[in-house]
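Reader: Hello! I am new to reading protein structures, and I would like a close look at a single part. Could you walk me through one helix, and then what lies elsewhere in the chain?

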Amino acid sequence: MHFSRFPRIHMAHLPTALEPMDRLSQALGGPRIWIKRDDCTGMSTGGNKTRKLEFLMAEASAEGADLVITQGATQSNHVRQTAAFAARMGLDCHILLEDRTGSKDPNYNNNGNVFLDHLHGATVEKRPAGLDMNAEVEAVADTFRASGRKVYTIPGGGSNATGALGYANAAMELIQQANTMGLRIDRIVHATGSAGTQAGLIVGLKALNANVPLLGIGVRAPRSKQEENVYNLAVATAEKLGCPGVVERGDVVANTDYVGKGYGIPTPECLAAIEMFAKLEGILLDPVYSGKGAAGLIDLLGKGEFSGDDNIVFLHTGGAVALFGYTDAFGYDEPMMQAAE
């Protein structure tokens, strides 16, 4: 895989660390768990979308765009990182936020990612849940084009074949790290939503003949739909990379048992996983993606899904800034100030 054939803007802090989580592994009494720190990619608190945006925003620049438009849910990590890229590149950014949760909490609707969207200088429109958001983006883009703007549109999550290149490349980075460390990876687990991260990883792992199974923990769609989305995008990504046919349908595995009541609505298990990672490893997860991914990992470990001597890599997709939009979900009372003795 030769990624220099594609336009790319190098803004991510790479390679991200691959670290053991020994206290978590000990507490769970199972296999050794490692973490790939893609929450530390460097753009506006980091996250997995930065890898995708290196290719997407380079394509926007190559096409002469002066305005980038994208969409996501209210607390979208992708939208926040897109706004940060646009700010650094001197491009205008316009975003559409979909109200998927129906939350009326001012903290959820104005803090966290939403606050950073505005801080990066993006302009914002809101949409109700249930619309074809990519179609909404294109409709808005057409109005800007009619006024003479050169618009580049990005689908939700940055999840098209261009964006997925970022995670095909990440697969190569991860396997190289493991080889250097002498680490045998038995499984990779991560949260999967808009499909780009999982699709890119599958293409990269298959093209490298890494023989490492990948499990996506779904955060929104039913299993059949999630796997279909990932597979179709993986096929398109493999064709773009010049290795068509490298991905088979059986390579795509998603477990959607941990979605709970819906996208962006944290489950009790998700909140417990966030607290466990924070208290044992000092690592912050988010309530939408990585928290549910970790909850799935913990539950599957308890059910004996992994062998005791396995090395499991949890790929942290980032998004912890969303925690500041979900403070009420944790139910903490106002801390009591104690006088120093």
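Author: Happy to! Please keep in mind that this is a predicted model. Before we turn to the helix, let us pause at a loop. Ala195 sits in the loop between β7 (187-192) and α8 (196-207). Its phi is positive, about 95 degrees, although Ala195 is not a glycine. Is Ala195 buried or exposed? With a relative accessible area of 3%, Ala195 is buried. There is another residue of this kind to set beside it. Asn211, also not a glycine, has a positive phi of about 55 degrees, and its place is the loop between α8 and β8 (214-218). Asn211 is exposed, with a relative accessible area of 73%.

Now for the helix you asked about. Helix α6 covers residues 133-146, which makes 14 residues. A rise of 1.5 Å a residue leads us to expect a span of 20 Å, and the C-alpha atoms at its ends are indeed 20 Å apart, so the two values agree. Which residues of α6 are buried? They are Met133, Val137, Val140 and Ala141. These residues cover an arc of only 105 degrees around the axis, which means that they lie on the same side of α6. The numbering fits a general rule: an α-helix has 3.6 residues a turn, so residues three or four places apart point the same way. On the other side of α6, Thr143 and Ala146 are exposed. And what covers the buried residues? The cover includes the strands β3 (67-73), β4 (92-99), β5 (123-128) and β6 (151-153).

The ends of α6 deserve a glance too. At the N-terminal end, Asp132 acts as a cap: one of its side-chain oxygens lies 3.3 Å from the backbone nitrogen of Asn134. After the helix comes Gly148, with a positive phi near 100 degrees.

Let us move on to another helix and a residue in it. Glu173 is in helix α7 (residues 161-181), and at 12% relative accessibility it counts as buried. Leaving out residues up to four places away in sequence, Glu173 touches Leu14, Pro15, Thr16, Lys36 and Arg51. Its side chain reaches the backbone nitrogen of Thr16 at 3.2 Å, and it also makes a polar contact with the side chain of Lys36, at 2.5 Å.

Lys36 itself lies in strand β2 (residues 32-36). Lys36 counts as buried, at 1% relative accessibility. Apart from neighbours within four places in sequence, its contacts include Thr16, Arg51, Gln177 and Phe314. Pro15, which Glu173 touches, has a feature of its own: the peptide bond from Leu14 to Pro15 is cis, with omega near -5 degrees. Pro15 is found in the segment before β1 (18-20).

Last, the cysteines. How many disulfides are there? The count comes to zero. The sulfur of Cys40 is 19 Å from the closest cysteine sulfur, that of Cys270, which is too far for a bond. Cys40 is partly exposed, with a relative accessible area of 38%, whereas Cys270 counts as buried at 0%.

Methods:
Residues are numbered from 1 along each chain as its sequence is written. This is a predicted model: local features need pLDDT of at least 70, side-chain atom pairs count only at pLDDT 80 or more; totals for chains, interfaces and linings use all residues. Side-chain values use heavy atoms; hydrogens and water are left out. Helices (H or I, at least four residues) and strands (E, at least two) are DSSP runs, numbered from the N terminus. The expected span of a helix is 1.5 Å times one less than its number of residues. Buried means under 20% relative accessible area, exposed over 50%, partly exposed in between (1.4 Å probe, protein chains only). The arc is that of the directions from the helix axis to the C-beta atoms. Contact means heavy atoms within 4.5 Å. A polar contact is a pair of N or O atoms within 3.5 Å; within protein, one must be able to donate a hydrogen and the other to accept it, and residues adjacent in sequence count only if both atoms are side-chain atoms. A disulfide is a pair of cysteine sulfur atoms within 2.5 Å.
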